[in-house]
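User: I'd like to learn how to read a model like this one, feature by feature. Could you walk me through it?

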Amino acid sequence: MAAEHNEIMTVFKYQNSKAMRDVFGRPFRDLRISVTDRCNFRCTYCMPAEIFGERYEFLPKKDLLSFEEITRVTRILLKLGGMKLRLTGGEPLVRNGVEHLVAVLAELDGASDITMTTNAYLLPKFAQKLKDAGLQRITVSLDSLDDEVFKKMNGRGFGVKSVLAGIESAEQAGFSPIKVNSVAIRGVNDHTIVDTAHYFKERGHIVRFIEYMDVGNLNGWKMDQVITAEEIVEMINRELPLEPVESTYRGEVANRYRYRDGSGEIGVIASVTKPFCGDCTRLRLSPEGELFTCLFGTKGTGIREPLRSGASDDDIETIIRNIWTARTDRYSEERASMTKPRRKVEMYHIGG
Ligand code: SAM
Ligand code: SF4
Ligand code: SF4
């Protein structure tokens, strides 16, 4: 009954939107483009090193959408309601020439925001090029400032210094403020959460603590490893007093809190304990051209073949409309009542 009520509310909230809408009335707004399935890290919660070893076969180059193909699909999607573009991966900076893709996307009509999520390891080489190409904002992932904890979490033994150097280069290139994604996992980095908040508070960047999610089937996720957003806020509030901030737009996934001393804010993304499916306006494009309407989707719809076999823009538009208008995803709202495990796409494949 409660779920039905939520659905009705969702339809109501979006009735004035011009964008294509799904079964529950949710408009399409955000496009996440995963440009590669490869990564230079092996974060335990995303691409565990024991599975993604030397012999793991990533997508061959011919299977990846070319920059021209990505641009074409994006241009079509911008007409269907898309406004915000985010480049992700895998690690977007390991895709050769990604700054050229940014430059072309930045020229398209209709994109109000072009951003990238990166582990920052390669940012010193790319930050200025990305800024010059027209990237507007950048999100860096950093789970802990404790070297030992971070080395374990990224699975490759990279120290915190390398990421901080990436953040510094982004600052120098003029990205400000920078958002920092930090996944919180019980027994792994809980004791370093307040330090992370403190460090970025001093520097004027916004940390967004993310509840550890059951994305994919490979990370061995268990509910008791989730540090809830509520716990995170309590932990930080005890040392650095916080107060809630109203969200600035519908569909904002982070619950925002500002420091009471006026020195900035944090966000908490409670995708497990307070799902926001009712406001989910995201479509995800995988590196080989599959469209996913949910981060926890089982199967995408391939558009590479139509793109490569002469489909017109109208044909592609029809395929995309059919996918979005049939969309009924609300995995996070259903998680608690699910009795059987579901096969899900992996995070490194479609990006966060
Ligand atoms: N490689 C880039 C990076 O790490 O920033 C972009 C891709 S990564 C998949 C995007 C975001 O997803 C990162 O901030 C990462 O921490 C987050 N992420 C990956 N697996 C996750 C999980 N199981 N639960 C919560 N967040 C996750
Ligand atoms: Fe790579 Fe990002 Fe996944 Fe870590 S979270 S393994 S950096 S794709
Ligand atoms: Fe969107 Fe799926 Fe996440 Fe719900 S579970 S917020 S529908 S991506």
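Analyst: Sure. Keep in mind that this is a predicted model. Let's begin with a backbone oxygen and a side chain: the backbone oxygen of Thr293 lies 3.0 Å from a polar atom of the Arg327 side chain.

User: Where does Arg327 sit along the chain, and is it buried or exposed?

Analyst: For burial, the cut-off is a relative accessible area under 20%. Arg327 has 2%, so it is buried. Along the chain, Arg327 belongs to the loop between helix H10 (313-325) and helix H11 (331-334).

User: Which residues is Arg327 in contact with, leaving aside its neighbours within four places in sequence?

Analyst: The list is Asp22, Val23, Phe24, Arg26, Cys280, Arg282 and Thr293. Let's pick up Arg26 from that list.

User: Okay, what does the side chain of Arg26 reach?

Analyst: The Arg26 side chain gets to the backbone oxygen of Cys277, at 2.8 Å. There is also a polar contact between the side chains of Arg26 and Asp22, at 2.6 Å. Arg26 is placed in the loop between helix H1 (2-13) and strand S1 (30-34). With a relative accessibility of 1%, Arg26 counts as buried too.

User: On to the ligands. How do I read a shell, say the one around ligand 3?

Analyst: List the residues, then sort them by class. Around ligand 3 you find Phe276, Cys277, Cys280, Arg284, Cys294, Leu295, Phe296, Arg327, Asp329, Tyr331 and Ser332. By class that shell holds seven nonpolar, one polar and three charged residues. Arg327, from the start of our talk, is one of the residues around ligand 3, and so is Cys277, whose backbone oxygen the Arg26 side chain reaches.

User: And which residues surround ligand 2?

Analyst: Ligand 2 has Cys39, Phe41, Cys43, Cys46, Met47, Gly90 and Asn119 around it. That shell divides into five nonpolar and two polar residues, with no charged ones.

User: How many residues surround ligand 1, and which are the closest?

Analyst: 20 residues surround ligand 1, and the closest are Gly90, Thr118, Ser141, Asn181 and Met213. Gly90 also appears in the shell of ligand 2. For the polar side, look at pairs of N or O atoms. A nitrogen atom of ligand 1 lies 3.2 Å from an N or O atom in the Glu91 side chain. A nitrogen atom of ligand 1 is also 2.9 Å from a backbone N or O atom of Met213. For Asn181, a side-chain N or O atom is 3.1 Å from an oxygen atom of ligand 1.

User: Now helices. Which residues of H5 are buried?

Analyst: Helix H5 covers residues 147-154, and its buried residues are Val149, Phe150, Met153 and Asn154. Look down the axis of H5 and these residues fall within an arc of 115°, so they line one face of the helix. Turned away from that buried side is a face carrying the exposed residues Glu148 and Lys152.

User: What do the buried residues of H5 pack against, and what happens at the helix ends?

Analyst: They pack against helix H6 (160-173) and strand S5 (179-184). The N-terminal end of H5 is capped by Asp146, with a side-chain oxygen 2.9 Å from the backbone nitrogen of Glu148. Just after H5, Gly155 takes a positive phi of about 70°.

User: Which residue has a positive phi although it is not a glycine?

Analyst: Ala120, with a phi of about 75°. Ala120 belongs to the loop between strand S3 (113-118) and helix H4 (123-133), and at 0% relative accessibility it counts as buried. While you're checking the backbone, also look at omega: the peptide bond from Ser176 to Pro177 is cis, with omega near -10°. Pro177 is in the loop between H6 and S5.

User: Finally, how many helices and strands does the protein chain have?

Analyst: Twelve helices and twelve strands. The chain's radius of gyration is 20 Å, close to the 20 Å that the globule rule gives for 352 residues, so it is as compact as a globular protein of that length. Its C-alpha atoms fill a box of roughly 55 × 50 × 40 Å along the principal axes, and buried residues make up 55% of the 352 residues. Of the contacts with a separation of 6 or more, 72% come from residues 24 or more positions apart.

Note on methods:
Residues are numbered from 1 along each chain as its sequence is written. Chains are lettered from A and ligands numbered from 1 in the order in which they are written. This is a predicted model: local features need pLDDT of at least 70, side-chain atom pairs count only at pLDDT 80 or more; totals for chains, interfaces and linings use all residues. Side-chain values use heavy atoms; hydrogens and water are left out. Buried means under 20% relative accessible area, exposed over 50%, partly exposed in between (1.4 Å probe, protein chains only). Helices (H or I, at least four residues) and strands (E, at least two) are DSSP runs, numbered from the N terminus. The arc is that of the directions from the helix axis to the C-beta atoms. Contact means heavy atoms within 4.5 Å. A polar contact is a pair of N or O atoms within 3.5 Å; within protein, one must be able to donate a hydrogen and the other to accept it, and residues adjacent in sequence count only if both atoms are side-chain atoms. A residue is near a molecule or strand if one of its heavy atoms lies within 4 Å of it. Ala, Val, Leu, Ile, Met, Phe, Trp, Tyr, Cys and Pro count as nonpolar, Asp, Glu, Lys and Arg as charged, and the others, Gly among them, as polar. The radius of gyration is taken over C-alpha atoms; the globule rule is 2.2 Å times the number of residues to the power 0.38.
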